[in-house]
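Biologist: Hello! Could you show me the model, so that we can talk it through together?

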Amino acid sequence: MALQPCRAHFPRARCALRALTPSLRTYATESTSEPFKASSQESSVPRWSQTPPGMKAPMQLDFAKSFKNKVWKVNNDPAKLDNMYNRLLGPGGSKMLPEELKWLAVTHKSFDQGRRGFNDKLALLGRLTLVMEATKEIVSKAPLPGSRQTDEFDRVPFEHEQLASVDNLSVEEPKDMVSKEKLFALASDAGILDVLRWKPRLPKSLESSGVEVVVNSAVLAILGAITLQHGSVVASKVVRERILARLPKNE
């Protein structure tokens, strides 16, 4: 028995496909337009001002032993934040960073469960910048008393006038020049506690909640943000003139 040729079925299949194509196109257009509309609406709202909708759980899972420990208000006023930057970095300091980066630098990971971003990576870069400038400040001084130690085997090291101050690092370290207590006092005078975005473990005892470490991280994050935004030359000048010059000197 001979097989029936399939050519007769081709025109019928083509007509059915043409009739179905407009509906497929309409379905694809309608289904893909909604996510794009939603993403464009979400991107227009600054991330610092609200929790991203995609990171909200349908129910609350964090429960505190005492409800009073959950009550804590943070600053949402951009003018208040700009005032702190001007006091810390000098006139025009509020214009050194973009709006989103200014808020990110003062946001700790304890705030809103870290869903609006936090300043850990910026603080790491700022710490490296601050340590570098503090080291340069120490080795630029005249040789400090006790920096040169006698060798027990009577060996004579290589000496040069430009290397004489390197031994100062054996007497004074960057952590001695820029301690967390000094940095905390400087930041407190600039009003960083009023704009810091974090959630203390015990709102009635900020010291027990680690406020000193959180404030230090915020200052370092600001320096890290300036380093990323303007480069090492501008960051070096800011550290020397606005941080190191205002810290109390060691006796």
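Biologist: How much area does the protein expose, and what share of it do carbon and sulfur atoms supply?

Modeller: This is a predicted model, where local features need pLDDT of at least 70, side-chain atom pairs count only at pLDDT 80 or more, and totals for chains, interfaces and linings use all residues. Residues are numbered from 1 along each chain as its sequence is written, and side-chain values use heavy atoms, with hydrogens and water left out. By the Shrake-Rupley method with a 1.4 Å probe, the exposed area is about 17100 Å², and the share from carbon and sulfur is 58%.

Biologist: Thanks! What percentage of the 251 residues is buried?

Modeller: Buried means under 20% relative accessible area (1.4 Å probe, protein chains only). Of the 251 residues in the protein, the buried share is 31%.

Biologist: Which helix gives the most to the largest nonpolar core?

Modeller: Such a core is a set of buried Ala, Val, Leu, Ile, Met, Phe, Trp, Tyr and Cys residues joined through side-chain atoms within 4.5 Å. This one has 44 residues, and Met84, Tyr85, Leu130, Ile192 and Ile222 touch the most other members. Helices (DSSP runs of H or I, at least four residues, numbered from the N terminus) that each supply at least two core residues include H2 (78–89), H4 (120–139) and H7 (211–230). With 11 residues, the top contributor is H7.

Biologist: Lovely. Which residues does Met84 touch, leaving out those up to four places away in sequence?

Modeller: Contact means heavy atoms within 4.5 Å. Beyond those sequence neighbours, the partners of Met84 are Val106, Ala190, Gly191, Ile192, Val195 and Ile222.

Definitions and conventions
Buried < 20%, exposed > 50% of the residue type's maximum accessible area, 1.4 Å probe, protein only.
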